[in-house]
Amino acid sequence: MSTDAVRKLISRLAVQAGLDIKVHCHMMRHACGYYLVNQGYSTREIQDFLGHRDIKNTEQYTKLNARRFLNFDWGDL
């Protein structure tokens with residue numbers, strides 16, 4: 001499948017899902033990294049899976065996870 005075909009497929013699926021934002025292929029990559037962090041995969045495992053040369057690129061996903069935790073509304077418990 002060509003890169004252009006993947007872009008078109010993701011755009012079409014986003015519209016079908018009712019998303020009101022433009023979805024890019026790279027967003028899917030970020031979503032995957034964030035998902036893997038939340039599933040308990042190590043930073044090194046995620047680095048290898050996503051093909052990052054520098055671990056700092058992978059660490060952004062753990063920071064997103066920490067930010068989510070810190071912004072949690074503890075009053076809901």
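**Exercise 1. Place N57 and classify its exposure.**

Find the helix that holds N57. Then decide whether N57 is buried, partly exposed or exposed.

*Solution.*
- Step 1. N57 sits in helix α4, which spans residues 55-70. The model is predicted.
- Step 2. The relative accessibility of N57 is 39%. Buried needs under 20%, and exposed needs over 50%. N57 therefore counts as partly exposed.
- Step 3. Now take the distance to Q47. N57 and Q47 are ten residues apart in sequence. From C-alpha to C-alpha they are 8.1 Å apart in space.

**Exercise 2. Sort the faces of α3.**

Which residues of helix α3 are buried, and which exposed residues does the face turned away from its buried side carry?

*Solution.*
- Step 1. Helix α3 covers residues 43-50, and its buried residues are I46, Q47 and L50.
- Step 2. These residues cover an arc of only 105 degrees around the axis, so they lie on the same side of α3.
- Step 3. The face turned away from that buried side carries R44, D48 and F49, which are exposed.
- Step 4. Move just past α3. There G51 takes a positive phi of about 80 degrees.

**Exercise 3. Describe the surroundings of T58.**

Is T58 buried or exposed? Which residues does T58 touch, not counting those up to four places away in sequence?

*Solution.*
- Step 1. T58 belongs to helix α4.
- Step 2. The relative accessible area of T58 is 1%, so T58 is buried.
- Step 3. Leave out residues up to four places away in sequence. T58 then touches T43, I46, Q47 and H52.
- Step 4. Compare with Exercise 2. Among these contacts of T58 are I46 and Q47, both buried residues of α3.

Definitions and conventions. Residues are numbered from 1 along each chain as its sequence is written. This is a predicted model: local features need pLDDT of at least 70, side-chain atom pairs count only at pLDDT 80 or more; totals for chains, interfaces and linings use all residues. Side-chain values use heavy atoms; hydrogens and water are left out. Helices (H or I, at least four residues) and strands (E, at least two) are DSSP runs, numbered from the N terminus. Buried means under 20% relative accessible area, exposed over 50%, partly exposed in between (1.4 Å probe, protein chains only). The arc is that of the directions from the helix axis to the C-beta atoms. Contact means heavy atoms within 4.5 Å.
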